[in-house]
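Trainee: Could we go through a protein model together? I would like to learn how to reason about what I see.

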Amino acid sequence: MKVIKTIKRWVKPTPQTSLFNERLHDNYTNLYRLAYSWAQQKPLAQDLVQETMLKAIEKNYQLKQLDDMTPWLCKIMHNLYMDKLRYDHKWLFVEETEIDNQLASPSSEDSCIEEQTHSKIHLAISQLSAGQREIITLVDLQGLSYQQTSEILDVPIGTIMSRLSRARNQLKQLLKEEQSVSGANNVVYLEAQK
């Protein structure tokens, strides 16, 4: 009987269910970016996002307020990612040639410069440890608060702040090293590093 009620609810969604589905859809792109920055592999990132969406639909009753959906989804995806790492017993890395540049448009000088900047930052982030990648992508790229990041990763706020500081310093160092190797005049920093 419970299954039939659940099916009826999803077949004929209530206004609250429709709003939940709309917000879930709106979070897809950001979740994919986050998953890709963590996993560094397109198929794994797609799987993580799909599993996150399915788990969110399955456990939608756990979400108290729709405004808290983004951190809630990040927490779900983090747990799935950690399960995947535990299952594989290894950390996954990617070669520079595998970086996904699908959305870049090389038709003009501006888009070319933007693509190079994104590639440098993406490459530098991929060289960070998995824990540093998680912290820097959650706080600096997703814009989540220390509190939200603390809840997602299940670590104290002080640990988040110290790990974030080390991750930013490491990223800054990697970008400086890349600059000295390429001979470029400008180092590209994330907004939070300036």
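Trainee: Which residues in helix 7 are buried?

Mentor: Happy to help, and keep in mind that this is a predicted model. A residue counts as buried when its relative accessible area is under 20%. Helix 7 is mostly covered, with 10 of its 12 residues buried. The buried residues are A130, Q132, R133, E134, I135, I136, T137, L138, V139 and D140.

Trainee: Thanks! How many salt bridges does a search of the whole structure find?

Mentor: Let's start from the general idea: side chains of opposite charge can pair when their charged atoms come close. One such pair is R168 with D140, where the closest N and O atoms are 2.6 Å apart. Another is D154 with K75, with the closest N and O atoms at 2.8 Å. Searching the whole structure gives a total of 2 salt bridges.

Trainee: How many residues apart in sequence are the parts that R168 and D140 tie together?

Mentor: Both R168 and D140 are buried. R168 lies in helix 9 and D140 in helix 7, so their salt bridge links parts whose separation in sequence is 28 residues.

Trainee: And for the pair of D154 and K75, which residue is buried and which is exposed?

Mentor: Look at where they lie: D154 is in the loop between helix 8 and helix 9, while K75 is in helix 5, so the pair ties together parts 79 residues apart in sequence. Exposed means a relative accessible area over 50%. D154 has 59%, which makes D154 exposed. At 18%, the buried one is K75.

Trainee: Are helix 3 and helix 7 roughly parallel or roughly antiparallel to each other?

Mentor: Two packed helices are described by the angle between their axes and the distance between the axes. The axes of helix 3 and helix 7 come within 9 Å and cross at roughly 160 degrees. Angles over 145 degrees count as roughly antiparallel. Helix 3 and helix 7 are therefore roughly antiparallel.

Trainee: Which residues in helix 7 does helix 3 meet?

Mentor: The crossing of these two helices, helix 3 and helix 7, is right-handed. From helix 3, the residues taking part are L34, S37 and W38, and their partners in helix 7 are R133, E134, T137 and L138.

Trainee: Which residue takes a positive phi just after helix 7?

Mentor: Follow the chain past the end of helix 7, which covers residues 130-141. There you find a phi of about 75 degrees, and the residue is G143.

Note on methods
Residues numbered from 1 in each chain as written. Predicted model: local features only at pLDDT ≥ 70, side-chain atom pairs only at ≥ 80, totals over all residues. Heavy atoms only, no water. Salt bridge = Lys/Arg side-chain N within 4 Å of Asp/Glu carboxyl O. Helix = DSSP H or I, 4+ residues; strand = E, 2+ residues; numbered from the N terminus. Buried < 20%, exposed > 50% of the residue type's maximum accessible area, 1.4 Å probe, protein only. Axes fitted to C-alpha atoms, helices over the stretch in contact; angles between N-to-C directions. Parallel < 35°, antiparallel > 145°, perpendicular 65-115°, else oblique. Left-handed = near helix turned anticlockwise from the far one by under 90°. Contact = heavy atoms within 4.5 Å.
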